[in-house]
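Work through the exercises below with the model open. Try each task before reading its solution.

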Amino acid sequence: MSDAFAALSIFLTNKYFGDNAMTIVRCLQIHGSVTLKMLERILAGRLSPISIASSILALLRHSVIKVNQEDLLKYDLDYQGITRLARIPILCKVGFLFYGPESENLLQIIFISGMAKTSEVLRAALLRVSEGDKYKEAEVLVECLDTLVSLGVIRASTKSMILHPLEEHVQYERFSLSKSDLLENLRKFVASGATYKNFHRFLPTPKHSVEWDLILAPCADSLEALWRDHLISRLAAERIDETAGDVMSRILHVAFASKEHSHVMSPSSEAVDHSQVVQSFRDPPNYLNSYLTLLLDDPFSVTSIFKLAYKKVVRGILVRHIENIVQVLFENAGVRIFRILLTEGYLPYETLERRLLIPQKEFRKILPQMVASQFVSTTEFSRAKDFNADTVVCLYSVNLSMVARLTVEYAQHCILCLATRSDAELNAKSRLIDQRYYVESMISKHQAEIARLEGQEEMGEGVDEEIESHRESVQALQNSLTPAEINQLSTLSNRLAKLGAAQWEAETAWFVADLYLRLYFDTEE
């Protein structure tokens with residue numbers, strides 16, 4: 001574990017779970033795999049046994065720590081779980097891009113709870129809907145959740161699998177929901193008022209559990225596969241045009257439906273037939289076959305079956321992200337050095353200097369910096385048996401796996417800095433933000449009351465005066481913020497938007513570099 005990842009894991013644990021959980025994670029970082037008794041002994045005087053047990057349960061639900069099934073039950077950090085904890089906002093956004101706002105709503109609730117019953121997730125999602133027909137929204141939520149479960153984006157099981165090995169998960173896993181039973185229970189909740197006060201009304205009790213109320217958990221592997229597909233589609237749109245990006249997105253969406261190749265570690269996509277691509281369009285674009293030929297350089301023209309090699313495309317996306325980092329650190333000359341060495345392989349100093357066509361002074365300044373930063377690797381060998389200054393030859397090259405690991409550390413450090421800066425910006429203007437939310441909530445209440453009064457069939461003098469009073473209140477609330485405060489809020493929004501965009505880029509670079517290492521090295525092992 002790098003120092004950057006250790007600091008990021010501490011920050012995320014403190015942000016999502018509080019000080020007690022952060023203390024446990026820090027202890028596991030130092031001591032490694034420990035039993036519950038050892039953990040209580042180490043943390044004696046700082047945390048009570050009840051606090052330790054509740055924090056461990058919360059961390060297990062979110063896969064931040066895992067259980068090692070040995071002679072004694074031991075707890076250890078789950079590095080993949082911590083990684084996915086940092087990606088919760090992006091994975092929810094990916095769900096929105098592919099399946100709409102309802103899926104983002106459902107995923108946010110499931111990620112926050114770690115594991116939850118289906119009925120509770122649907123009720124929490126319905127409570128977030130402030131406008132519209134509740135009964136219709138209930139049907140949309142149940143249908144969306146069933147789609148996510150059937151595609152493997154959300155994992156559904158008949159019992160909690162926290163302390164069970166992976167081999168036992170299959171027999172309890174389900175890929176469909178009882179939509180009629182869930183919808184009936186949700187309609188009862190809507191009929192009772194659909195408020196936080198009535199949240200637990202008509203819910204199945206723990207003692208009398210029912211088969212249709214499954215336990216839900218997010219499947220991060222499938223969401224990361226969708227994120228990978230989105231990045232590939234955006235790459236096609238940038239290199240060709242938006243139509244090409246749309247075609248690639250539909251091909252990958254059809255391929256994702258096959259659970260055999262929907263995992264993020266799949267080296268290639270499922271084979272997609274030409275007719276399936278055409279059927280995914282309501283109105284197929286012009287020159288569709290030409291786009292398919294451009295996008296997929298290895299189509300089987302006889303059978304019209306298309307298949308995408310993920311490993312090759314992920315490598316190309318990684319190179320683009322590394323070039324962006326090199327551009328920032330070493331400017332254009334550094335990018336030229338990186339590209340030539342990546343393309344040509346091992347080159348001696350004189351040949352590299354001759355091929356670059358940049359000023360000698362700039363080349364001799366930047367190349368040692370890139371070597372010191374490990375973006376360029378060196379290999380030394382002797383042309384003779386004697387190893388001295390006259391016989392030694394130094395070759396320069398790019399070790400892409402080493403640079404990918406370096407990119408992961410850079411990205412983790414950037415994410416920590418950006419998240420810390422965002423929290424500092426929000427804390428500095430917390431009073432002003434609370435005031436704005438209060439004003440907006442009061443304005444919405446007054447406007448809702450105005451709409452209710454105007455919708456009445458009989459309008460009397462008292463009603464007109466009440467409507468006018470609400471309108472005056474709305475006007476007064478809108479003028480409650482001074483121009484200086486509005487300017488501060490606008491500046492804060494712009495600053496947070498820039499920090500969010502930078503964090504998205506850092507998260508993407510981390511994801512692509514990590515995926516490249518897993519595809520090219522973990523699969524070989």
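**Exercise 1.** Classify Leu 357 as buried or exposed, and place it in the chain.

Solution. Start with accessibility: Leu 357 has a relative accessibility of 72%. Buried means under 20% relative accessible area, exposed over 50%, and partly exposed in between (1.4 Å probe, protein chains only). Leu 357 therefore counts as exposed. Next, find its place. Leu 357 sits in the loop between helix H17 (349-356) and helix H18 (360-372). Helices (H or I, at least four residues) and strands (E, at least two) are DSSP runs, numbered from the N terminus. Last, check the backbone. The phi of Leu 357 is near 60°, a positive value in a residue other than glycine.

This is a predicted model, in which local features need pLDDT of at least 70 and side-chain atom pairs count only at pLDDT 80 or more, while totals for chains, interfaces and linings use all residues. Residues are numbered from 1 along each chain as its sequence is written, and side-chain values use heavy atoms, with hydrogens and water left out.

**Exercise 2.** Do the same for Gln 374: what is its relative accessible area, and which loop holds it?

Solution. Gln 374 lies in the loop between H18 and strand E11 (377-382). Its relative accessible area is 41%, so Gln 374 is partly exposed. Its phi is positive, about 70°, although Gln 374 is not a glycine.

**Exercise 3.** Which residues does Phe 511 contact, leaving aside neighbours within four places in sequence?

Solution. Locate the residue first: Phe 511 belongs to helix H22 (residues 483-522). Phe 511 is buried, because its relative accessible area is 1%. Contact means heavy atoms within 4.5 Å. With those neighbours set aside, Phe 511 touches Arg 87, Glu 224, Trp 227, Arg 228, Leu 231 and Val 264. Now try a distance. Leu 453 is 58 residues from Phe 511 along the chain, and their C-alpha atoms are separated by 52 Å.

**Exercise 4.** Where are Ser 397 and Ala 237, and what do they touch?

Solution. Take Ser 397. Strand E12 (residues 392-397) contains Ser 397. At 7% relative accessibility, Ser 397 counts as buried. Beyond neighbours within four places in sequence, its contacts are Leu 341, Gly 345, Tyr 346, Val 376 and Ser 377.

Turn to Ala 237. Helix H12 (residues 220-239) holds Ala 237, which is buried with a relative accessible area of 9%. Outside neighbours within four places in sequence, Ala 237 is in contact with Glu 242 and Gly 245.

**Exercise 5.** How many residues does the largest nonpolar core have, and which helix gives the most to it?

Solution. A nonpolar core is a set of buried Ala, Val, Leu, Ile, Met, Phe, Trp, Tyr and Cys residues joined through side-chain atoms within 4.5 Å. The largest has 140 residues. Those with the most contacts inside this core include Ile 24, Leu 106 and Phe 375. Helix H16 (residues 310-344) gives the most, with 16 residues. Apart from this core lies another, of five residues, among them Leu 432 and Leu 481.

**Exercise 6.** Describe the whole protein: how many helices and strands, and what share of residues is buried?

Solution. Count 22 helices and twelve strands. Of the 525 residues, 44% are buried. The C-alpha trace spans about 100 × 65 × 60 Å along its principal axes. Finish with the domains, whose bounds come from an automatic or database domain assignment. The C-alpha centres of domain 2 and domain 4 lie 53 Å apart.
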